[in-house]
Amino acid sequence: MKSLWVFVRLMNATLVCVALSACGLEWSSTVPTSPTTSLAQASPFSPISLLLVDEESQFHLRARPIHPSLLADLPERNSIPFGHHYAAAVSPDGKTLTVMLWPSGSNNAGGVLHLIDLASWTDTPTDVTLNDSASPMFSPDGHALYWFMPASHDRAHNIPRDYELFRYDLASRQLTTVLRLPTSFTPGATRFVRGGQQLAIVVVPTDANNLTEDVPHVLFVDVASGRITSDVRLNGVKQWQYRERIAGRDGYIIYQAGLAWDLERGVLYVAHADADKLSLIDLAQGKIRAQVEVHPRVSLVEQLLNAFASVAEAKTVPTTSKSAVLSPDGERLYVVGWHAEVTAQADGQWTWRDVPVGLQVIDTSNLTQLKRLDLPIGQLTLSSDGKRLVLATGVQQEFCCQQDGTQRNHLYVLDTHTFETLTHRTSDDAYYLQGFSSDGQYAYFGHTVWRSSASYSVIYQALDLTTNQIATQREITNSFADLLIVGELRRQFR
């Protein structure tokens with residue numbers, strides 16, 4: 001059960017949105033409340049949800065758009081094959097979905113780049129083949145695609161090396177190599193900056209054992225010349241995998257800093273994984289603007305009292321991950337995460353549990369903490385208008401939230417003005433957040449229900465944010481399924 005779940009989440013972390021319907025799949029859709037729009041009234045295509053389902057559990061994926069409130073297949077839209085696994089991106093105008101499709105799960109050989117017109121739902125394969133992992137990204141003008149792909153693999157452990165940046169011109173159908181990164185640099189989050197003329201790329205130097213060998217960098221690349229114009233070292237930031245002494249033994253710890261891009265104001269916020277610290281990267285000048293510890297906002301009286309108070313030493317535990325999202329106006333940063341609390345056993349083995357750090361709300365004008373809520377959460381997503389925040393227990397974390405030691409998973413919807421809890425749900429099964437409808441009326445989430453080791457259902461639900469009730473749900477039985485939203489995918493690159 002766990003191995004399948006990890007595979008599903010890995011796909012969701014790096015891939016993208018599509019709705020699938022496979023022939024003969026068993027599914028159901030229920031509507032607790034009366035929807036205002038029927039399938040017959042649906043437009044030929046709206047920037048809504050797409051559902052992924054595999055055919056007969058063989059991971060031969062097929063895709064089809066679905067209705068935003070009914071979660072049912074749109075009429076007259078045939079399913080499109082999506083291979084064994086895929087990576088995708090949506091054009092800035094929301095009209096084109098580009099998908100890299102790979103036919104086999106044993107390796108990444110034989111991939112093909114496809115272009116899908118979302119209005120007509122037609123699939124056009126290109127002559128671009130892919131023999132390694134990659135993930136496409138549109139240029140801001142929508143005229144070209146960019147992606148990184150390793151040129152080689154280390155012989156000892158097959159670790160990807162020598163990443164190259166490729167550009168595919170959609171008009172001429174020409175593929176060119178923009179640059180090759182230094183051998184040890186592994187690229188991560190990437191955004192276009194400076195009017196689309198440059199790429200800001202977060203990279204981590206790694207060794208042949210896939211361990212971090214230096215602090216992460218933010219590289220600024222001129223896309224026309226392929227020249228690195230700036231190289232900003234993120235001193236003090238831990239990212240990726242380290243070998244450390246923990247609870248009396250040597251072991252491996254993965255740190256994941258939270259990244260939030262404010263492209264309109266030219267800032268990258270980096271929430272440190274191992275401390276309440278923020279680094280601010282100036283995307284216009286290519287340098288660190290500030291690196292500060294985040295403290296609660298306190299009054300003058302509290303400052304005077306604190307000056308005479310003793311400071312207790314905090315317990316040191318290895319921190320695993322942070323996630324961060326920025327409000328649409330750029331005034332607030334929302335941060336969630338967890339750390340691993342490690343215990344050494346008498347037999348020399350480790351046990352640990354992942355402990356949530358709650359929700360932290362940071363004022364970006366002065367980098368002080370506005371609010372902190374002690375909630376058992378590890379996921380977050382924010383509506384496009386910034387009014388609703390959906391939070392859930394981390395999908396891969398086992399937060400023990402019951403006094404009797406049993407596992408419970410939580411989902412919250414908060415009003416970001418008052419921080420009032422509008423909805424709180426619990427489940428034995430992990431929630432995974434999908435995002436919001438383009439009009440902001442619905443929040444989407446799902447969970448997997450296991451009935452036996454060989455029988456399970458993937459259930460997706462649409463929560464109506466005007467009533468805080470489930471509007472509808474769709475259930476897929478004994479097949480892989482995933483749900484993402486075209487609009488949410490577009491937001492990732494802003």
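Which residue forms a salt bridge with Arg265? Let us follow the charged pairs of this predicted model to find out. The partner is Asp262, and the closest N and O atoms of the two lie 3.0 Å apart. The two residues sit in contrasting surroundings: Asp262 is buried, with a relative accessible area of 4%, whereas Arg265 is partly exposed at 38%.

That pair belongs to a wider set, as the structure holds 12 salt bridges. Another one to look for joins Arg388 and Asp415, with 3.6 Å between the closest N and O atoms. Here the contact links distant parts of the chain, since Arg388 lies in strand 29 (residues 388-392) and Asp415 in strand 30 (residues 409-415), 27 residues apart. Arg388 counts as partly exposed, with 22% relative accessibility, while Asp415 is buried at 16%. Asp415 is called buried because its value falls under 20%.

Now move on to Arg408, which forms a salt bridge with Asp428. Their closest N and O atoms are 2.4 Å apart. This pair also links distant parts of the chain, with the two positions 20 residues apart in numbering. You will find Arg408 in the loop between strand 29 and strand 30, and Asp428 in the loop between strand 31 (421-427) and strand 32 (431-436). Asp428 is exposed, with a relative accessible area of 55%.

One last stop takes us from pairs to a network. Arg64, Asp73 and Arg474 are joined into one network by salt bridges that share partners.

Methods:
Residues numbered from 1 in each chain as written. Predicted model: local features only at pLDDT ≥ 70, side-chain atom pairs only at ≥ 80, totals over all residues. Heavy atoms only, no water. Salt bridge = Lys/Arg side-chain N within 4 Å of Asp/Glu carboxyl O. Buried < 20%, exposed > 50% of the residue type's maximum accessible area, 1.4 Å probe, protein only. Helix = DSSP H or I, 4+ residues; strand = E, 2+ residues; numbered from the N terminus.
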